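Please open the structure in a viewer and keep the selection tool at hand. The tour below proceeds one selection at a time.

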Amino acid sequence: MLPEQREWYGQMQGKPFVLLGINSDEDRSVLKSRMEKHKVTWPNIVAGAPDVNPISKQWNVRSWPTVYVLDHEGKIYKRALESHKDVAAAVHELLAKMK
Amino acid sequence: MKPLQWITVCLFAFGFAATVRADDEFDKLNADFEAARKAYREKRMEEKLKDPEGLEATGGAVSGVPAFLLEFHPKFKVYAAKHADKPEAVSGLVWLVTHPATQPSPDKPDPDAVEAIKMLTEKHISDPSLVKDYKRIRGAEWFVGEKPVMDFFERVSQANKDKEALASASFCIGLIHYDSASMPGMEGKKEEAESRRKLALNMFRKVARDYPGTEAAQNAEPFFFELEKLQVGMTAPDIEGDGIDGKKIKLSQFRGKVVVVDFWGFW
């Protein structure tokens, strides 16, 4: 999902939109350099490997990636999406509604 | 000492030594295996650092299965066969169930893993040392297919009297139902997926109700959280944690914007 996401994130600049990553990498030491290399410039919560990650555990995330789309009031619009295309479509629907 | 006494003493000593030796034998084999696995991981990490864009560092894997695993697999097979039908076999069989030497999928199971889970089901189902491995055995569904795993846990439910074992087996049966909804081949079978999900939730409720205080009851909690807090139309519970630079990030700080919450990792 990463290359599509990166390009999409660039196109979405200036819109009322945030991509928030909840990262589950185990090895924190190389994470920063890898994120820089891959140009992951959006906000990310670094929460640890799946077996200790308190957020993915609470949210019952059982496969990666798992994506939730929330509207501007924080309400869940779509849940557990796996394809970038579906995520982008859901976001554009919500942005259109806000206008 | 009379000859008969000698024989008794020798038999006892031999029997005792044999038990100790078998455990040591497995621990040694497993320690060697873990060391090889560690070396493999380090090699992969090195490859990743050299080439961060290349997400597929191999660390020396041949057609998806790491070479070190192929090297150790026959040794664990020999161990399990040598101690067949005895309690010492359990650790070896669990290893074979959880370490396929082929690249399997639910419709193309790993033959050794299938054989091993059948042996566990038929010969060792009440072994108390198995309880700690239930979770891993459940996860082997990808290597052996749904049926042998379901058989295993249903047999536990019939044969075992221990509360933790029963709770854990029920929870695992719930998980099998729950995950079946997202198995390959379920696309387009919405009704079946929905009914299996219901079976799963009933199982989790049973675990929470009948076995409170067990680890399995705790593991059921996120499923209730998902059901009660993470459905479409509900306000998402807040998330808080540290960013890569150590600064606090809260989901609620982005109110007013459309937010995509993306659970991901490089791995």
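The following stops describe what each selection contains. Please bear in mind throughout that this is a predicted model.

**Stop 1: chain B as a whole**

Begin by selecting chain B, which has 267 residues. Its secondary structure consists of 10 helices and five strands. Buried residues account for 43% of the chain. Consider next the contacts in chain B between residues at least 6 apart in sequence: 57% of them join residues at least 24 apart.

**Stop 2: helix H9 of chain B**

Select residues 190-210 of chain B, which form helix H9. How far apart are the end C-alpha atoms of this helix? They are 30 Å apart, and this agrees with the span expected for 21 residues at 1.5 Å a residue, which is also 30 Å.

Now colour the buried residues of H9(B): Ala193(B), Arg196(B), Ala200(B), Leu201(B), Met203(B), Phe204(B) and Val207(B). These residues lie on the same side of H9(B), because they cover an arc of only 160° around the axis. Turn the helix to view the face directed away from that buried side; Glu191(B), Lys198(B) and Arg209(B) are exposed there.

What do the buried residues of H9(B) pack against? Display helix H7 (146-159), helix H8 (163-180) and helix H10 (215-229) of chain B, since these are the packing partners.

**Stop 3: salt bridges within chain B**

Side chains of opposite charge can pair when their charged atoms come close. Over all chains, the count comes to 19 salt bridges.

Select Asp32(B) and Lys28(B), which form a salt bridge with the closest N and O atoms 2.8 Å apart. The two residues are four apart in helix H1 (residues 3-50) of chain B, so about one helical turn separates them. Asp32(B) is partly exposed, with a relative accessible area of 33%, whereas Lys28(B) is exposed at 53%.

Move next to Asp133(B) and Lys132(B), whose side chains meet in a salt bridge at 3.4 Å, N to O. Are these partners buried or exposed? Asp133(B) is buried, with 8% relative accessibility, while Lys132(B) is exposed, with 64%.

Finally, select Arg138(B) and Asp179(B), where the N to O distance of the salt bridge is 3.0 Å. Arg138(B) belongs to helix H5 (residues 134-139) of chain B and Asp179(B) to helix H8 of chain B, so this pair ties together parts that are 41 residues apart in sequence. Both Arg138(B) and Asp179(B) are buried. Add Arg62(A) and Glu141(B) to the selection: salt bridges that share partners join them with Arg138(B) and Asp179(B) into one network.

**Stop 4: where chain A meets chain B**

Show both chains together. In this view, 58 residues of chain A are in contact with 45 residues of chain B. The size of an interface is often given as the accessible area lost when the parts come together. Between chain A and chain B the buried area is about 4,900 Å², and carbon and sulfur atoms give 63% of it. Highlight Arg34(A), Trp59(A) and Arg62(A): they supply 14% of the area that chain A buries against chain B, more than any other three residues.

The interface contains two salt bridges and 24 residue pairs in polar contact. Which element gives the largest share of the side of chain A that touches chain B? Strand E1(A) does, with seven residues. Select E1 (17-23) of chain A to view this strand. For one of the salt bridges, select Glu226(B) and Arg79(A), whose closest N and O atoms are 2.3 Å apart.

**Stop 5: helix H4 of chain A**

The last selection is helix H4 (84-98) of chain A, one of the elements that give two or more residues to the side touching chain B. Its end C-alpha atoms are 21 Å apart, in agreement with the 21 Å that its 15 residues should span at 1.5 Å a residue.

Colour the buried residues of H4(A): His84(A), Val87(A), Ala88(A), Ala90(A), Val91(A), Leu94(A) and Leu95(A). Their arc around the axis is only 160°, which puts them on the same side of H4(A). On the other side, Lys85(A), Ala96(A) and Lys97(A) are exposed. Lastly, display what covers the buried residues of H4(A), including H1, E1, E3 and E4 of chain A together with strand E5 (258-264) of chain B.

Conventions. Residues numbered from 1 in each chain as written. Chains lettered and ligands numbered in written order. Predicted model: local features only at pLDDT ≥ 70, side-chain atom pairs only at ≥ 80, totals over all residues. Heavy atoms only, no water. Expected span 1.5 Å × (residues − 1). Buried < 20%, exposed > 50% of the residue type's maximum accessible area, 1.4 Å probe, protein only. Arc of directions from axis to C-beta. Contact = heavy atoms within 4.5 Å. Buried area = accessible area lost by both parts, 1.4 Å probe. Salt bridge = Lys/Arg side-chain N within 4 Å of Asp/Glu carboxyl O. Polar contact = N/O pair within 3.5 Å; in protein donor to acceptor, adjacent residues only side chain to side chain.
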